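Here is a short report on one protein chain. Read it with the structure open.

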Amino acid sequence: VVNVGKRSEPNMERIASLDPDLILLSNGQTGLSGKMTAVAPVLYFKAYSEDHNNPEVARQLFRKLATLFDREALAERRLAQLEARFIWLRGRLRDHFGESMPDVSSMVFTSPSVARVFGDNSMPQHVLKRLGMEPALPQPRSQWGQVQKEISELGRVEEGILLYFRPTSLAGDLLETPLWKALPAVEKGRVAPVAPSWTYGGAMSLRYLAEHMTDAL
């Protein structure tokens, strides 16, 4: 894989030197279409939107790419493996928690005082629902499926579980502060870190999210 620069500022000379047959663009890259079409045909995929179901569209785009590259059979096998993995992981969680599954919400820290809580239309909440869990801190639909919340608002989670994605460098020393330690979920030991996982990916990212979140739970 050749590094062609930032997604917002790609290196056009390097891309042209690769002589691509096709260029794929996605959210936030429509302004690049003009320059890119001078190099090769362009396809734009609106992967994330408040107006559609992001996890379902991820599967649709996966299948579109498979058709484009003549890999339909492989794509269907991968999607079937994903479904089988959900079933296996759900069984693992049932063995751990029993029939009464906890409510769970996940988040990523953006500063020592703010977290993005994943809600409707997000990949992490989709995974949690597929694993048999409801949100502990429900959030409305948005383009990326996340809502910014003050850390103090996490105190509304009293019986549920909070998961936070590593790395936590943006949180500073939050995890050592009295504010964090006073949260009910933290006091009750119902909070856990999740191994680094891409929360804005495509269909295959769902498997890694599911595995890492299951490990954390």
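Helices (H or I, at least four residues) and strands (E, at least two) are taken as DSSP runs and numbered from the N terminus. On that basis the chain holds 8 helices and 7 strands. The model is predicted, and local features are reported only where pLDDT is at least 70.

## Overall picture

The chain has 217 residues, and 42% of them are buried. Its C-alpha trace spans about 60 × 35 × 30 Å along the principal axes. The exposed surface comes to about 11,800 Å². Carbon and sulfur atoms supply 51% of that area. Among contacts with a separation of 6 or more, 62% are between residues 24 or more positions apart.

## Helix packing

Two helix pairs are described here. The first is α3 (residues 54-68) with α5 (residues 123-130). Their axes lie 9 Å apart, at an angle of about 95°. Angles of 65 to 115 degrees count as roughly perpendicular, so α3 and α5 are roughly perpendicular to each other. On the α3 side, the contact is made by Asn54, Pro55, Ala58 and Arg59. On the α5 side, Met123, His126 and Arg130 make it.

The second pair is α4 (residues 72-97) with α8 (residues 205-216). Here the axes come within 10 Å and cross at roughly 10°. Angles under 35 degrees count as roughly parallel, so α4 and α8 are roughly parallel to each other. From α4, the residues in contact are Leu82, Arg85, Phe86, Leu89, Arg92 and Leu93. From α8, they are Leu206, Arg207, Ala210, Glu211, Thr214 and Asp215.

Take Thr214, in helix α8. Is Thr214 buried or exposed? Its relative accessibility is 3%. Buried means under 20%, so Thr214 counts as buried. Leaving aside residues up to four places away in sequence, Thr214 touches Leu89, Arg92, Leu93 and Leu131.

## Salt bridges

The whole structure contains 10 salt bridges. Three of them are tabulated with their N to O distances.

| Pair | N to O distance | Relative accessible area |
|---|---|---|
| Arg59 and Glu83 | 3.5 Å | Arg59 9%, Glu83 27% |
| Arg156 and Glu153 | 4.0 Å | Arg156 51%, Glu153 29% |
| Glu159 and Lys188 | 2.8 Å | Glu159 55%, Lys188 44% |

Which parts of the chain does the pair Glu159 and Lys188 link? Glu159 sits in the loop between β5 (146-150) and β6. Lys188 sits in the loop between α7 (184-187) and β7 (191-194). The two are 29 residues apart, and the pair links distant parts of the chain. Salt bridges that share partners also join Arg59, Glu83 and Arg130 into one network.

Within that network, the side chains of Arg59 and Glu83 meet in a salt bridge. Arg59 lies in α3 and Glu83 in α4, so the pair ties together parts that are 24 residues apart in sequence. Arg59 is buried, whereas Glu83 is partly exposed. Arg59 and Arg130 also appear in the contact between α3 and α5.

In the pair Arg156 and Glu153, Arg156 counts as exposed and Glu153 as partly exposed.

## Backbone points to check

Most residues other than glycine have a negative phi, and most peptide bonds are trans. Three places in this model deserve a look on that account.

Asp70 is not a glycine, and its phi is positive, near 60°. Asp70 lies in the loop between α3 and α4. With a relative accessible area of 59%, Asp70 is exposed.

Asn121 also has a positive phi, of about 80°, although it is not a glycine. Asn121 is found in the loop between β4 (114-118) and α5. At 9% relative accessible area, Asn121 is buried.

Which residues does a cis peptide bond join? Arg166 and Pro167 are joined this way, with omega about 0°. Pro167 is in the loop between β6 (161-165) and α6 (178-181).

## Surface patch

Leu24, Leu43, Leu68 and Phe69 form a nonpolar patch on the surface. Together they have about 330 Å² of accessible area. One member, Leu43, lies in strand β2 (residues 42-44). Leu43 is partly exposed, at 31% relative accessible area. Patch members need over 30%.

Notes. Residues numbered from 1 in each chain as written. Heavy atoms only, no water. Patch = residues over 30% accessible without salt bridge, like charges linked within 9 Å, V, L, I, M, F, W, Y side chains within 5 Å. Areas by Shrake-Rupley, 256 points an atom, 1.4 Å probe, with all protein chains shown as cover. Buried < 20%, exposed > 50% of the residue type's maximum accessible area, 1.4 Å probe, protein only. Axes fitted to C-alpha atoms, helices over the stretch in contact; angles between N-to-C directions. Parallel < 35°, antiparallel > 145°, perpendicular 65-115°, else oblique. Contact = heavy atoms within 4.5 Å.
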